[in-house]
Amino acid sequence: MTPNEIAHDQAVTSLLNQIFKPRDLFGSERGIRPNLPLARYLNARGVSNSLLKEFQDCPLAALEYMQTRGRKPTSAMVMGSAVDCLLCEPDSFEARFYIRPDEVDGEKWQGNRKACKQWLADHADRPVLGSSEMEEAEAVVDAIQAEPRAAELLSEAQPQCSMFWPDGKTGLQMMGRPDFILPRGAADLKCTNDASTGGFARTIDNFGYHLQAAIYADGLEANGRECNTFYFIAVQGGERPKVNVRYLKSEAIELGRATYRDLLRDLKDCIERNEWPSYSGPGAEVQPIDLPPYAYARVEADQLLEMNA
């Protein structure tokens, strides 16, 4: 990092530390709380999978994430939350979401109209779904409930339980909220653009869902519960939603565990040093950047084709 970059990161860190103290992430709370409202869980102090994901990309971004309590949800995240709520806590849906009207003041909804902008401003305290999005969410829930393997899993599930436990090696306070706790495992619902087995395997890797599975498994065991199997209920939306129920192989969970444990050690180090580097990374030297491996593989494939032409 250059001296200017280091000074900038230190200034941002100092500003954020005035409001949020990273040392608050150390703790000893333990327990599984089935009825803890989502808002209270989100406001709890602890290390979650979402926080580690931000930290993995950029420690300084993780500090900002802690300060702002997350980031603005994307439309895909809102859809996923709506499906979760309809499936797990349908009675709370009206208190957690707004359905956007098709008309405002007798005219068809147009996002650029002043009245429509005012409606959104007046309803900014909760996520908003359009009527077509609501219909899709309901269709996804129907598809899940009609899938025999998903229905069997959910028949014995405890939905939306918040978990807290101290990490024994770092002293950091951990937290997690799996969609479903099962008698000897857990399950998470994932809305995705591609629920095929190959497509969703890539999604697991891209979004670090194997880290999440390992964190939840360790959280259950730290609270005296077995977690022999972690399931994904992957759902691809559309006119006819498609469901894929799979359990994650133990090798993938072990890889996720090793990765998140490394991140916890690095997070503890950042907290103790009060140093939160940006994308350039720690230290003063400029580090290299390279093309992703598939770029080289593509060139090699093209060269092989030319040789065989």
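Here are legends for a handful of close-up views of this predicted model.

Residue numbers start at 1 along each chain as its sequence is written, and side-chain values use heavy atoms, with hydrogens and water left out. Since we're looking at a predicted model, local features need pLDDT of at least 70 and side-chain atom pairs count only at pLDDT 80 or more, while totals for chains, interfaces and linings use all residues.

**View 1. The whole chain, for orientation.**
The chain holds 13 helices and 12 strands; these are DSSP runs numbered from the N terminus, with helices being H or I over at least four residues and strands E over at least two. Its C-alpha trace spans about 65 × 60 × 50 Å along the principal axes. Of the 309 residues, 43% count as buried, meaning under 20% relative accessible area, with exposed being over 50% and partly exposed in between (1.4 Å probe, protein chains only). Take the contacts (heavy atoms within 4.5 Å) between residues at least 6 apart in sequence: 70% of them join residues at least 24 apart.

**View 2. The sheet with strand order 1-7-8.**
Three strands make up this open sheet, and the pairing is antiparallel. Strand 1 (31-33) and strand 8 sit at the edges with a single partner strand each, so one side of each has no neighbour in the sheet. From one strand to the next the twist averages 15°. Helix 11 (residues 209-222) packs on this sheet, touching strand 1, strand 7 and strand 8, and its direction makes about 75° with that of strand 7. Angles like these run from 0 to 180 degrees between N-to-C directions, using axes fitted to C-alpha atoms (for helices, over the stretch in contact). Strand 1 and strand 7 pair over three bridges, and pairing here takes at least two DSSP bridges. One pair to look for is Arg-33 with its bridge partner in strand 7, Ser-162.

**View 3. The hairpin of strand 7 and strand 8.**
Strand 7 (residues 162-166) runs antiparallel to strand 8, with four bridges between them. Trwo partners can anchor the view: Trp-165 stands opposite Met-174 in strand 8. Six residues lie between the two strands of the hairpin, and Gly-171 in the turn has a positive phi of about 80°.

**View 4. Gln-173 and its surroundings.**
Gln-173 is in strand 8 (residues 173-176) and counts as buried because its relative accessibility is 4%. Gln-173 and Met-175 point one way from the strand, Met-174 and Gly-176 the other, and all are buried. That fits the usual pattern: in a regular strand the side chains alternate between the two faces of the sheet. Leaving out residues up to four places away in sequence, Gln-173 touches residues including Leu-25, Phe-26, Arg-45, Val-47 and Phe-164. The C-alpha atoms of Gln-173 and Val-47 are separated by 6.0 Å, though the two residues are 126 apart along the chain.

**View 5. The five-stranded sheet and helix 8.**
This open sheet has the order 6-9-10-11-12, with mixed pairing. Its edge strands, strand 6 (158-159) and strand 12 (242-247), each pair on one side only. Strand 10 (residues 185-192) and strand 11 (residues 229-236) are parallel partners over eight bridges, and Cys-191 stands opposite Val-235 in strand 11. Helix 8 (residues 131-146) lies across strand 10, strand 11 and strand 12, at about 135° to strand 11.
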